[in-house]
Amino acid sequence: MNFQVTGLALDRMKLDSPHSFLDSEEVEEADDQQLLEPEAWRTYVERRNVLREFLTTDLSPQLLKRHHARMQLLKKCSYYIEILPKHLALGDQNPLVLPNTMFQLIDPWKFQRMKKVGTAQTKIQLLLLGDLLEQLDHGRAALDALLEAPDPRPFLAGWGLVEQQLADLSVVMDNFLAMMVPGHLHVKHRLVSDIGATKIPHIRLMLSTKMPVMFDRKESVAHQDWVSLRWFVTIQPAAPEQYELRFKLLEPRTQQECAQCGIVPVAACTFDVHNLLPNRTYKFTIKRAESYTLVYEPWRDSLTLQTMPGPPGGPAPSRLGKPSLPLTTPSER
């Protein structure tokens with residue numbers, strides 16, 4: 001019997017080809033190898049592996065993604081001045097070690113000037129961090145393109161520049177990591193005025209960071225005429241904090257409805273706002289209460305919730321005024 005095989009496109013020339021059973025990457029590598037002498041090829045492979053190792057460890061996409069996430073978090077943080085005796089570490093708020101009399105010794109006008117310096121320094125630091133991260137992104141993209149270039153000869157010829165790029169990017173990364181943590185505040189003048197015979201304390205100013213306050217979007221819910229709000233801080237503070245909650249009715253339809261707004265000081269991480277209008281949309285904003293040492297707070301979290309529809313007859317006239325906030329509004333859960 002005579003069988004005829006058709007449609008397989010396996011002629012003798014293709015079967016005899018050395019590339020027949022190689023994948024595309026191996027074929028490209030074999031073609032590249034033909035462009036170089038054996039010694040030059042070994043050098044190319046070694047240097048290519050060095051570059052590949054750098055891009056997968058020191059400058060991997062996962063690492064850059066984490067740095068971008070940290071950068072976004074820093075843009076939402078609050079920044080403060082900490083006044084410390086020179087022998088204390090940043091964050092030591094023990095009132096026995098750092099008495100309130102420290103602020104009494106500082107000239108208020110000079111301290112306000114230093115707060116402006118702190119604001120400017122924080123803004124500059126965030127801008128520099130963004131610039132350094134952009135350099136890392138562009139540097140990785142350029143090296144990755146070089147790694148995937150089809151011709152190995154330009155790669156070998158420009159290896160000196162590649163080495164310099166690797167060194168420069170390592171420095172950029174070191175600077176980025178060092179700048180992620182706020183440090184000393186640069187002081188040009190003494191903050192403590194001349195106090196005669198009293199010994200002037202040795203103090204230093206530091207910039208400190210507090211994690212952003214954010215609404216818990218799963219636990220914050222709206223009911224027919226009230227909402228239950230919850231918020232949190234990623235890193236819990238050592239001492240309880242004071243917060244400022246703002247709310248307002250969006251798109252009020254009457255002059256009375258314009259009064260559906262308010263600012264509420266809260267000493268907890270939960271709060272219930274009562275006497276709202278049914279089936280309406282409210283915007284809520286949360287932040288830390290204003291502090292004497294605050295220098296920069298570029299962001300505050302906001303949440304929009306819609307109350308549930310009321311009975312068919314509509315809300316009672318007494319509900320159309322400004323919400324009354326009972327004294328026991330913090331949630332007890």
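This report describes the overall make-up of the protein, one of its sheets, and the confidence of the model.

The model is predicted, and the protein in it holds 8 helices and 11 strands. Of its 333 residues, 35% are buried, while the accessible surface comes to about 20800 Å², with 56% of that surface belonging to carbon and sulfur atoms. Among the contacts with a separation of 6 or more, 75% are between residues 24 or more positions apart.

An open sheet of 4 strands follows the order β7-β6-β9-β11, and its pairing is antiparallel. At the edges lie β7 (261-266) and β11 (301-306), each of which pairs on one side only, and from one strand to the next the twist averages 20 degrees. Within this sheet, strand β6 (residues 243-249) and strand β9 (residues 281-288) run antiparallel and are joined by 7 bridges; Arg-246 has Thr-285 in β9 as its bridge partner.

Confidence varies along the chain. The average pLDDT of the protein is 80, and 73% of the residues score at least 70. Among the elements, β11 has the highest mean pLDDT, at 98, whereas helix α1 (residues 12-16) has the lowest, at 40. Two stretches with low values are set out below.

| Stretch | pLDDT | Contacts beyond near neighbours in sequence |
|---|---|---|
| residues 1-23 | below 50 | 8 contacts |
| residues 317-329 | below 50 | 28 contacts |

Where pLDDT is low, the predicted coordinates should not be read in detail.

Methods: Residues numbered from 1 in each chain as written. Predicted model: local features only at pLDDT ≥ 70, side-chain atom pairs only at ≥ 80, totals over all residues. Heavy atoms only, no water. Pairing = 2+ DSSP bridges. Helix = DSSP H or I, 4+ residues; strand = E, 2+ residues; numbered from the N terminus. Axes fitted to C-alpha atoms, helices over the stretch in contact; angles between N-to-C directions. Buried < 20%, exposed > 50% of the residue type's maximum accessible area, 1.4 Å probe, protein only. Contact = heavy atoms within 4.5 Å. Areas by Shrake-Rupley, 256 points an atom, 1.4 Å probe, with all protein chains shown as cover. pLDDT = per-residue confidence, 0-100.
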